[in-house]
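Open the model in your viewer, colour it by chain, and keep the selection box handy. We will go from one stop to the next, and each stop tells you what to select.

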Amino acid sequence: MRQEHLSGHELDVLIGGGAVEEASREHAASCLHCQARLEAVAEAIRASRLPGPDEAVRERAREAALEVAGQRRRPATPWLWAAAAALAVAALSPFALRSNHSAAPVDATKVLAQVNTVLDQDPVTSVFSSDVVSVIAPNADGSEEGSTS
Amino acid sequence: MASVARTELPVEPDEEEKLVVLARRGDRAAAASLLTAHELVVFRVCQHLLPAGEDVEAAVQETFVRALRGLARYSGKGSFAGWITTIAVNLCRDRLRRRRVLSFRPLESGDDDEADPIAVLASPGADPEREVMGREAVRAVRREFRALPRRQREVFALRFYAELDLEGIAAVLGIDVGSVKTHLHRAVRRVRERVEEARP
């Protein structure tokens, strides 16, 4: 077994987590002097690390970042879809109602009969009252003017 | 052995990949899970690499925002931990450049004797002389860390404070593993020498 102690270079490699020759590793495993040197440095480095943040600080940083980055909240998504659907229905309803109204069936025969009735009379008297007709057309009577056809 | 344990993956790679996909679509729960899994490393990087007087919490938050907004650019080839740690390191460099400071955040918080990390060196009934030497050794590490050149300081912080392995450090800093070893070796030598002076 190797008798001489580890060199500074070997100590540095081991402290950094690297590998050394097998003989050096065996010596380090059995030599109290070298182990003490290694442990003293490793211990000081470990102790020099600042304590980590507590959970409250970590959560605050995380949540703030999620807000700023605009990440969506998953539970809100169904409500957004429902609201969007409701708005779409509300917006389209008047058009649908109007469309239904204009599509009501019309009795063409009845309409034509009404038109013929009006035309069979004097067009003027059918629109204006008899007083007005007597003023603007004193000689008008149904026999002279007949129909417009 | 004095080596530092590798950082354990907080989530499985497959699970992480799914979380990334969901977070890209704006899924808040997935994004929160990703951040939670890596926030401690990001905090530690910012704690140790930010210049004096910088708000660590604000820097961590900005790192998270940059990560979430840049998710579309994350290729998935490297680890998400490495990717978000790179963002944190770059942010710390930005802050350094912006403020043009050469001194770093004091690692001592007020009275050094009150700092918890130092106190752990002393066990109940410990030799007072040994305890004093231990505290002085920690101060020596902190002083030397602040005095390291930028690259050595980053490698040292990522190795011992963020607990990344050598490959992870290489990926974060965009250098090869051999360069990481060189920087780490030089940094450790300086720190070790100061510690051994403090603890003869």
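A salt bridge here is a side-chain nitrogen of Lys or Arg within 4 Å of a carboxyl oxygen of Asp or Glu. By that rule the count over all chains comes to 27 salt bridges. Please bear in mind on this tour that the model is predicted.

**Stop 1: chain A**

Select chain A and show it as a cartoon. Its secondary structure comes to nine helices and zero strands. Of its 149 residues, 23% count as buried. Now switch on the surface: about 10,300 Å² of chain A is accessible, and 61% of that belongs to carbon and sulfur atoms. Among the contacts in chain A with a separation of 6 or more, 37% are accounted for by residues 24 or more positions apart.

While you are here, pick Glu39(A) and Arg46(A) and show their side chains. They meet in a salt bridge, at 2.7 Å from N to O. Glu39(A) is partly exposed, with a relative accessible area of 35%.

**Stop 2: where the two chains meet**

Display both chains and select the residues in contact. You should find 42 residues of chain A against 51 residues of chain B. Between them the chains bury about 4,300 Å², and 59% of this is on carbon and sulfur atoms. Eight salt bridges are counted between chain A and chain B, and 17 residue pairs are in polar contact across the interface.

Which helices of chain A each supply at least two residues of the side that touches chain B? Select α1 (8-15), α3 (32-48) and α4 (55-69) of chain A to see them. The one that gives the most is α4(A), with 13 residues. Colour this side of chain A by residue type and you get 21 nonpolar, seven polar and 14 charged residues.

For a close-up, zoom in on Asp12(A) and Arg192(B): their side chains meet in a salt bridge, 2.4 Å from N to O.

**Stop 3: Arg192(B) and its helix**

Stay on Arg192(B) and ask: is this residue buried or exposed? With a relative accessible area of 7%, Arg192(B) is buried. Add Glu196(B), whose side chain meets that of Arg192(B) in a salt bridge (3.2 Å, N to O). Both sit in helix α9 of chain B, and because they are four residues apart, about one helical turn separates them. Glu196(B) counts as partly exposed, at 24% relative accessibility.

Next, select Glu144(B) and Arg190(B), which form a salt bridge with their closest N and O atoms 2.9 Å apart. Glu144(B) lies in helix α6 (residues 128-147) and Arg190(B) in helix α9 (residues 177-198) of chain B, so this pair ties together parts 46 residues apart in sequence. Glu144(B) is buried at 9% relative accessible area, whereas Arg190(B) counts as partly exposed at 26%.

**Stop 4: the rest of chain B**

Zoom out to chain B alone. Here too you will find nine helices and zero strands. Buried residues make up 52% of its 200 residues. Its accessible surface comes to about 9,500 Å², with 49% belonging to carbon and sulfur atoms.

For a last pick, go to the loop between α7 (150-161) and α8 (166-173) of chain B, where Glu163(B) lies. Check its backbone: Glu163(B) has a positive phi of about 60° although it is not a glycine. The residue is partly exposed, with a relative accessible area of 23%.

Conventions:
Residues numbered from 1 in each chain as written. Chains lettered and ligands numbered in written order. Predicted model: local features only at pLDDT ≥ 70, side-chain atom pairs only at ≥ 80, totals over all residues. Heavy atoms only, no water. Contact = heavy atoms within 4.5 Å. Buried area = accessible area lost by both parts, 1.4 Å probe. Polar contact = N/O pair within 3.5 Å; in protein donor to acceptor, adjacent residues only side chain to side chain. Nonpolar A, V, L, I, M, F, W, Y, C, P; charged D, E, K, R; others polar. Buried < 20%, exposed > 50% of the residue type's maximum accessible area, 1.4 Å probe, protein only. Areas by Shrake-Rupley, 256 points an atom, 1.4 Å probe, with all protein chains shown as cover.
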